[in-house]
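Hi,

Here is the structure I promised to pass on. Have a look at it first, and my notes follow underneath.

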Amino acid sequence: MTATPRTALTIAGSDSGGGAGIQADLRTFFACGVHGLTALTAVTVQNSVGVSGFTEIPPDVVAAQIAAVAGDMGVNAAKTGMLATADIITAVAAAVDAADIGRDRRIPFVVDPVAASMHGDSLLRAEALEAIRTELLPRATLVAPNLDEVWLLTGIEVRTAADSRKAAEALLEFGPRWVLVKGGHADGDSRCVDLLSDGTHLVAFDGPRYDTPHTHGGGDTLASAITAHLAKGLGVPDAVAAGKKFIERCVAESYALGAGVGPVSPFWRLRPDATPSRG
Ligand code: PLP
């Protein structure tokens with residue numbers, strides 16, 4: 001027997017292709033050294049070419065999964081991915097409150113406001129966007145939207161660094177403690193700048209933009225890596241910095257699988273030369 005590891009809970013959908021969703025979250029938690037707990041919200045039918053459909057899990061079953069693991073095993077940090085419907089979002093909001101997960105509560109809560117796959121296939125029923133704004137964002141320790149999600153949530157189209165700042169301010173109005181606007185542009189396309197803000201502090205994370213078509217699961221993997229580092233006790237800016245280092249390496253080592261978009265890969269983390277300090 002060894003010491004009990006920290007735990008991270010993902011509240012998310014299944015990707016049958018194994019590149020995104022709960023599958024990406026679990027392998028990221030594993031690679032970051034925390035025990036992964038899951039509350040499954042939906043089962044998608046998808047491969048590298050797209051999502052052909054999904055079936056959601058009944059909201060009371062989603063809530064019961066959260067309560068079951070939180071009550072027995074304990075949760076050190078939690079994240080959401082695909083939530084599919086407004087009813088699931090309402091059930092998740094009540095369940096995380098009961099488990100003391102969320103902004104200004106004991107357990108940090110990362111919200112990845114997943115709306116669609118990179119192929120443009122919907123992962124969220126249209127009426128559920130308002131529930132993300134009103135029920136999820138006020139509970140978030142950190143919300144981490146990509147540029148499409150920023151546009152859906154705020155109507156702001158991010159093209160410049162000034163747009164990213166404006167989007168962060170608009171998202172903070174919904175009540176999260178921190179906002180990470182992912183993938184903004186500084187000057188041109190060769191860098192990928194993520195902007196972190198709590199309204200007082202503004203941190204720009206500037207990294208390379210890798211030239212690969214295989215980035216499936218990238219958003220999930222970043223949010224999970226941040227969540228894993230929060231579970232290990234880091235504060236939000238340090239957890240984002242560690243998560244960003246982790247995802248850069250995963251994107252650099254992504255691979256082709258199937259006829260379409262291949263997944264980002266945390267496998268590098270399992271090599272003997274990969275040191276924990278790499279994030
Ligand atoms: N499928 C599931 C279950 C997801 O949660 C997500 C993203 O969060 C996706 C697919 C889409 O991933 P990507 O946009 O990286 O293709």
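Which helices each supply at least two residues of the lining of the largest cavity? They are α4 (128-136) and α5 (147-154). Before you go hunting for them, keep in mind that this is a predicted model.

On the cavity itself: the count comes to one cavity of 30 Å³ or more, and the volume of the largest cavity is about 30 Å³. If you want to pick out its walls in your viewer, select Pro113, Ala115, Leu124, Leu129, Ile132, Glu149, Leu152 and Leu153. α5 gives the largest share of that lining, with three residues. By class, seven of the lining residues are nonpolar, none is polar and one is charged.

The other thing I looked at is a pair of strands. Strand β8 covers residues 191-197, and six of its seven residues are buried, so β8 is largely enclosed by the rest of the structure. Buried here means under 20% relative accessible area.

β8 pairs with strand β9 (residues 202-208) in the antiparallel sense, over seven bridges. For one spot to zoom in on, try leucine 196, whose bridge partner in β9 is valine 203. Together β8 and β9 make a hairpin, with four residues between the two strands. In the turn you'll find glycine 199, which has a positive phi of about 95°.

That's what I have for now. Shout if anything is unclear.

Cheers

Note on methods: Residues numbered from 1 in each chain as written. Predicted model: local features only at pLDDT ≥ 70, side-chain atom pairs only at ≥ 80, totals over all residues. Heavy atoms only, no water. Buried < 20%, exposed > 50% of the residue type's maximum accessible area, 1.4 Å probe, protein only. Pairing = 2+ DSSP bridges. 1 Å grid on protein atoms, 1.4 Å probe; cavity = no way out; pocket = protein on both sides within 12 Å on 5 of 7 lines; lining within 4 Å. Points joined across faces, edges and corners; volume = space filled by probe spheres on them. Nonpolar A, V, L, I, M, F, W, Y, C, P; charged D, E, K, R; others polar.
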